[in-house]
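These are my notes from looking through one model, taken in the order in which I looked things up.

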Amino acid sequence: MIVVSNSSPLVSLCAIGRLELLRNRYGTISIPRAVHYEVAVQGSGRPGAAEVQTFDWNTFREGGNPNLATALQGKLDHGEAEAIALALELQADLLLMDERLGRIEAARFGLRFIGTLGVLIEAKARGHLQEIKPVLDELRTNAGFRMSEALRARVLQEAGE
């Protein structure tokens, strides 16, 4: 399975000590250079910085079609634009992305995507998490992850909690 990630799922899962959920589910994850830079360089000393540099199951790649990435930067940040361009170039099976505008653009290109909350729902379904509710609390507290109460309720319902 070819999976490309934007920065937010990596940082969020690192902030709560759950990055292994990605490895357990997807194996190798491709990260465009702009995402690596956002997480490891700009985010130095923050959750995800050390992990992205040391985990051997992440692969760093150039950001796909540079013309497409540049065109997308009018709507998205550099990392999101490169993640979409790389996912298209690799014909990725899945794009990991939380940001609404990025997901809108990914859908426009026919990319399949999932966010941090979807990863948690899948992890519970596969037996890698006992409960999602405490993990959602950790995301809010430790990662500053924003979600509406309606979204939280929907995630808990989908997870059977």
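I began with the secondary structure, and for this predicted model I noted ten helices and five strands in the protein. I then looked up how much of the chain is covered, and found that 49% of the 161 residues count as buried. For the surface I wrote down an exposed area of about 8,000 Å², of which carbon and sulfur atoms supply 48%. I also checked how far along the sequence the contacts reach: among those between residues at least 6 apart, 63% join residues at least 24 apart.

**Helix α9**

Next I turned to α9, which runs over residues 133-143, and asked which of its residues are buried. I listed Val135, Leu136 and Leu139 as buried there. These three lie on the same side of α9, because they cover an arc of only 105° around the axis. I set beside this the general point that an α-helix has 3.6 residues a turn, so residues three or four places apart point the same way. Looking for the partners of this buried side, I found that the buried residues of α9 pack against α1 (7-15), α8 and α10 (149-158). Just after α9 I noted Gly144, which takes a positive phi of about 65°.

**The largest pocket**

I then searched for open space, and recorded a volume of about 500 Å³ for the largest pocket. Its lining is made up of 20 residues, and those that lie nearest the centre of the pocket are Asp98, Leu117, Phe145, Arg146 and Leu151. When I asked which elements supply at least two residues each to this lining, I found α1, β5 (113-114), α8 and α10. Sorting the pocket lining by class, I entered eight nonpolar, six polar and six charged residues. I noted too that α1, α8 and α10 had already come up as the helices against which the buried residues of α9 pack.

**The enclosed space**

Last, I looked for closed space, and the count came to one cavity of 30 Å³ or more. About 40 Å³ of space lies in this largest cavity. I listed its lining as Leu21, Arg25, Tyr26, Val119, Glu122, Ala123, Arg126 and His128. The elements that give two or more residues to that lining are α2 (20-26) and α8 (116-125). By class, I divided the residues that line the cavity into four nonpolar, one polar and three charged. I closed the entry on α8, which I had met in the lining of the largest pocket and again in the lining of the largest cavity.

Methods. Residues are numbered from 1 along each chain as its sequence is written. This is a predicted model: local features need pLDDT of at least 70, side-chain atom pairs count only at pLDDT 80 or more; totals for chains, interfaces and linings use all residues. Side-chain values use heavy atoms; hydrogens and water are left out. On a 1 Å grid over the protein atoms alone, a cavity is a set of points where a 1.4 Å probe fits but cannot get out, and a pocket is an open set with protein on both sides within 12 Å along at least five of seven lines; lining residues have an atom within 4 Å of a point. Grid points are joined across faces, edges and corners, and a volume is the space filled by probe spheres set on the points. Helices (H or I, at least four residues) and strands (E, at least two) are DSSP runs, numbered from the N terminus. Ala, Val, Leu, Ile, Met, Phe, Trp, Tyr, Cys and Pro count as nonpolar, Asp, Glu, Lys and Arg as charged, and the others, Gly among them, as polar. Buried means under 20% relative accessible area, exposed over 50%, partly exposed in between (1.4 Å probe, protein chains only). The arc is that of the directions from the helix axis to the C-beta atoms. Contact means heavy atoms within 4.5 Å. Accessible areas come from the Shrake-Rupley method with a 1.4 Å probe; for residues, only the protein chains shown count as cover.
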